[in-house]
Amino acid sequence: MVTNEALSEYLDTSDDWIRTRTGIRERHIVGPGISTGDLAVEAGSRALKSAGGEAVDLVILATTTPDHPCPATAPDVAHRLGLVDVPAWDLSAVCSGFLYGLSAAAGFIATGTAERVLLIGADAFSTILAPNDRNTRAVFGDGAGAVVLRAGDPDEPGALGPVTLGSDGSLRELITVPDGGSRRPAAAHEPTSGSEGGRYFTMQGRSVFRHAVSRMTQSSAEVMQRAGWSPEDVDCFVAHQANARILSAVAERLRVPAERCAVHLDRAGNTAAASIPLALADAASGGLLRPGHRTLLAAFGGGATWGAAALVWPDVRPETT
């Protein structure tokens, strides 16, 4: 666990500067030798336990920080969880990854391809941040969260309701790691593109704020309309935990009261694809989110990607840290 005070010991920042701009007071960082796959295994194990320990027949891992460029991390996670011969694959939509995965999992179930799906959102973002960049080091944390989805009836608590997803590739430079892919390979014996910074995550904060608020508001409003929900009908709003100002701005535009909004980023930072499942687990274990609650999810991430979804929260017992 890394507090704002600890960051201020080696970065040009302070607890007040970070809290005022982000709402974050601490975040969790992986130790040496710990990978995204390790986090995913732990979260997946807890989700399986929460779901009664029954086996699943599909694993989706939403992540931007896989253990290796090749192969995908999901098959190894499935193997380590004792899930034999099940299909498993990585999904890359950055901070929207969990919502993209949620929709994909529901599609596999709807078509009969799978009966039960383990969906994991996991990221070790600290591994791609520049060591001395206070703007990213202050914001991001590492973590993993997971859910198990099963086939059921549309009117059953827990059934996924309307979902909307979108992307705009013209905004790809807003959130990016420039080097390391086939467009700009970063071989070990070569300097990175122009500077060492090319291999690290970069973000255009002001533009991200504007687009995140706009897109999450738009997609959430569309989902609410399709679900037939008014702002008063939303019992719990669980948005991607990017920044306290973004959360407040979106909730205000949707007219959802602040006391109905899940806030987990103050203790975890922005955990990317893990953000929404971690916030769900925290809200459920803390009593903010209860069985029968009409729940609205929303996210915005690199790509740019975004989405929203509606569901009624089921009677489950989250396995949390």
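Contact here means heavy atoms within 4.5 Å. The model described is a predicted one.

The UniProt record, an unreviewed entry, places the feature "active site" at Cys95, His240 and Asn270. These positions are spread over 176 residues of sequence, yet they cluster in space. The largest C-alpha distance among them is 8.8 Å.

Cysteine 95 is found in the loop between β4 (88-91) and α5 (97-110). Its relative accessibility is 9%, so cysteine 95 counts as buried, the cut-off being under 20%. Residues up to four places away in sequence are not counted among its contacts. With these set aside, cysteine 95 touches both His240 and Asn270. It also touches Ala272 and Ala273. A further run of contacts comprises Ala299, Phe300, Gly301 and Gly302.

Histidine 240 lies in the loop between β10 and α8 (244-254). With a relative accessibility of 2%, histidine 240 also counts as buried. Its contacts, with residues up to four places away in sequence again left out, include Cys95 and Asn270. Leu247, Ala272, Ser275 and Ile276 are touched as well. So are Ala298, Ala299 and Phe300.

Strand β11 spans residues 294-301. This strand is mostly covered, with seven of its eight residues buried. Strand β10 (residues 236-239) runs parallel to β11, and four bridges join the two. Within this pairing, alanine 239 has alanine 298 of β11 as its bridge partner. Strand β12 (residues 305-312) runs antiparallel to β11 and is joined to it by eight bridges. Here threonine 295 stands opposite leucine 311 of β12. β11 and β12 form a hairpin, with three residues between them. Glycine 303, in the turn, has a positive phi of about 140°.

An annotation in the unreviewed UniProt entry covers residues 224-313. It reads "domain: Beta-ketoacyl-[acyl-carrier-protein] synthase III C-terminal". The span is 34% helix and 22% strand. Its end C-alpha atoms lie 15 Å apart.

Aromatic pairs were examined next. The structure holds five of them. In one, the rings of phenylalanine 125 and phenylalanine 201 have their centres 5.1 Å apart. Their planes meet at 75°, so the pair is edge-to-face, the cut-off being over 60 degrees. The pair links distant parts of the chain, 76 residues apart. Phenylalanine 125 is in the loop between β5 (116-124) and α6 (134-137). Phenylalanine 201 is in the loop between β8 (175-176) and β9 (202-203). Both phenylalanine 125 and phenylalanine 201 are buried.

Phenylalanine 140 and phenylalanine 201 form another edge-to-face pair, at 5.0 Å centre to centre and 75° between the planes. Phenylalanine 140 lies in the loop between α6 and β6 (142-150), and phenylalanine 201 in the loop between β8 and β9, so this pair ties together parts that are 61 residues apart in sequence. Phenylalanine 140 is buried, as is phenylalanine 201. Ring pairs thus link Phe125, Phe140 and Phe201 into a cluster.

A charge over a ring was also found. Arginine 134 lies over the face of tryptophan 17, at 4.1 Å from the ring centre.

Definitions and conventions:
Residues numbered from 1 in each chain as written. Predicted model: local features only at pLDDT ≥ 70, side-chain atom pairs only at ≥ 80, totals over all residues. Heavy atoms only, no water. Buried < 20%, exposed > 50% of the residue type's maximum accessible area, 1.4 Å probe, protein only. Pairing = 2+ DSSP bridges. UniProt positions renumbered as here; feature names shortened; annotations may be inferred. Phe/Tyr/Trp six-rings, centres within 6.5 Å; stacked < 30°, edge-to-face > 60°. Lys NZ or Arg CZ within 6 Å of the ring centre and 35° of its normal.
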